[in-house]
Amino acid sequence: MNNPHPHISNIQDPDPQFPNPNDDPNPNHPLQLQSHPQPRRPRGFAATSGAAAAATGTINKSRKEREKEKERTKLRERHRRAITSRMLAGLRQYGNFPLPVRADMNDVLAALARHAGWTVEPDGTTFRQSPPPPPPPPPTTNNASNMGPYQVMSVESPVSGSSLRNCSTRTSVDCQPSVPRINESLSPASFDSIVVTESDTKVDKFTSTSPLNSSECLEAGQLMQELHCGEHGSSFSETQYVPVFVMLSSGVINNFCQLMDPDGVKQELQQLKSLKIDGVVVNCWWGIVESWVPQKYEWSGYRELFNIIRDFNMKLQVVMAFHENGGSDTGGMFISLPQWVLEIGKDNQDIFFTDRQGRRNTECLSWGIDKERVLRGRIAIEVYYDLMRSFRTEFDDLFTDGLISAVEIGLGASGELKYPSFSERMGWRYPGIAEGLSETAALPFKFYDKYSLQNLRKAASSRGHSFWAKGPDNAGYYNSKPHETGFFCERGDYDSYYGRFFLHWYRQVLIDHADNILSLATLAFEGIQIVVKIPAIYWWYRTSSHAAELTAGYYNPTNQDGYSSVFEVLRKHSVTIKFVSSGLQVPETDDALADPEGLSWQILNSAWDKEINVAGQNAFPCYDREGLMRLVETAKPRNDPDRHCFSFFAFQPPSPLVQSAICFSELEYFIKCMHGEGDYKRGNRTLTNEMKVKVTNQQSLLRFLFF
């Protein structure tokens, strides 16, 4: 029987290309929807509640996505800032670019344009003046003339590309085609001393069987020195005058406040006078002056010393040292805190800085007792003020005569404004981030005395988070490295909500201590220059957290300036900061990720931006000319458009100075450079035959000739 509707039969017939819709697993198939009725849509309250639930879920999901995106954006921005900070530090350190602390892309482009020889005006207008055409080359008759006028190669060092053209060379080497060769195994910071000229071997004048002893090798050294002079501006002559003060040994006064060796002091002052120094620095130790009885001061030894200094007509700077000292400059004599203070400490050990394990650091008093009457009825800042007032009264004649030009106030360990987080006597070793005696010893932060803990609990309660009244439990131990800890590592807890609260509080205690002491110091020494010493904590500077600075009280990670708020308080009291410059040149492969030059750049520019006077002091005794010249470069930045410089420099000499006769020539040259009289050519050394034998290769000889 024929089917009157053949198209229906075709639809129902099984076909591999068109499967039966009843067997289709897809519920959205149109034929499948016809065979199964749709569920009824909810109405009334059910529809309203369902829509609200769906909307709430969508809003929550959208909010979570936004929060995640904010966190990702924050991490990207932090990573970008860290990279930018390292790039700017590299430009400052290796390119010698005068970039400000808060440099932006316009500052970088302007510095690059100026380095390339362009003129950049303050409004951004950039242009380049056409140089005069070079004179035609003189005719030559030596072997080099056979090469043609366009075949002489001239390769420039990447460090001194524009400056080599301005160098003057001797006539004995003017006609020689030379190619400066760079030793790639050395760091970029030392490029100025490793450019070596390869002589043309065809010229007999530069051929010798003994290159180390030949005069031609000396000519190469002289050429190298002149290249270096052209790079750095030839000399320090006619630069700003920076007064130089030399620090006298702390051992000249014994624990009974007696002058140990008056004749030796006179001999040393006579030597220093011949070097034309501007004055000396003397430490007045709290542990000597007020040693046995509170408010009974002994100044006899210092009076005798100051009279000798006045006889030599030299200026004097005095340090109010409220810390203990056992360093090499004391001649083996240990200077502790006053004995009556140590007696109090036996019954109340919380007057000292304390770690989490309860160990006490007796270098100085805890800042937690600045306003606690625990020192025989006096608070700590009253004790400091009474000593300063006694000194001002005792030596009023020296202040009236203008002999004492400045007074430095000790504000912490080593006299520096910092926590005692790096005590070698307690077991710390460079470049650890804390102190202790074993791997289970103290955590880096020093605030576990009961007075500081009370302050922390008060700050946490005022913030509304009482459970934050504790120290970080994942900050590592005394010699831990930042990446080994959960607090200081990359993206560690130092940048969490709790970490930011704790570090802000930790820094604020340091700021309040400085503010309290300086308020009384400016009252005691009215009209006298007040000096505060700032430490150079340069290790771990190239990490994100700057762990070493955090433990010392300077909240200076890569995403903020930790010195600005401290300098605001110092500017309020019109003090001069003394920056302790390391004078070190750390290689790129340094395991401590140190950056002394980057730290110096940040601190100096931050202070100068706030119009604070800056002085300097070397952290280590310097013996060689290379280290001394780095100190001069720090004191007188060459490319600073505002011509900033140190107001004075306190030099810590090798000890004993009188027996170090070889250091006097270097020190004399250093002082001339500081005074604006130093010239590289006048500072050249002459080689004797005995010296030449000690040189093992030509590169070492060139370094010796220059330095």
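Reader: How far apart are the end C-alpha atoms of helix 10 (residues 380-394)?
Author: This is a predicted model, in which local features need pLDDT of at least 70 and side-chain atom pairs count only at pLDDT 80 or more, while totals for chains, interfaces and linings use all residues. Residues are numbered from 1 along each chain as its sequence is written, and side-chain values use heavy atoms, without hydrogens and water. Helix 10, a DSSP run (H or I, at least four residues, numbered from the N terminus), has 15 residues and should span 21 Å at 1.5 Å a residue (times one less than the number of residues). The separation found in the model agrees with this expectation, because the end C-alpha atoms lie 22 Å apart.

Reader: Within what arc do the buried residues of helix 9 fall?
Author: In helix 9 (residues 339-347), the buried residues (under 20% relative accessible area, 1.4 Å probe, protein chains only) are Trp340, Val341, Ile344 and Gly345. Seen down the axis of helix 9, they line one face of the helix, because their directions from the axis to the C-beta atoms fall within an arc of 150°.

Reader: Which helix gives the most residues to the largest nonpolar core?
Author: The largest nonpolar core, a set of buried Ala, Val, Leu, Ile, Met, Phe, Trp, Tyr and Cys residues joined through side-chain atoms within 4.5 Å, has 155 residues. Tyr302, Phe306, Phe391, Phe525 and Phe670 touch the most other members. With 14 residues, the greatest contribution to this core comes from residues 497-524, which form helix 13.

Reader: How many residues are in the second, separate core?
Author: This second core includes Leu88, Phe97, Ala103 and Ala111. Counted in full, its residues number 6.

Technical notes
Helix = DSSP H or I, 4+ residues; strand = E, 2+ residues; numbered from the N terminus. Buried < 20%, exposed > 50% of the residue type's maximum accessible area, 1.4 Å probe, protein only.
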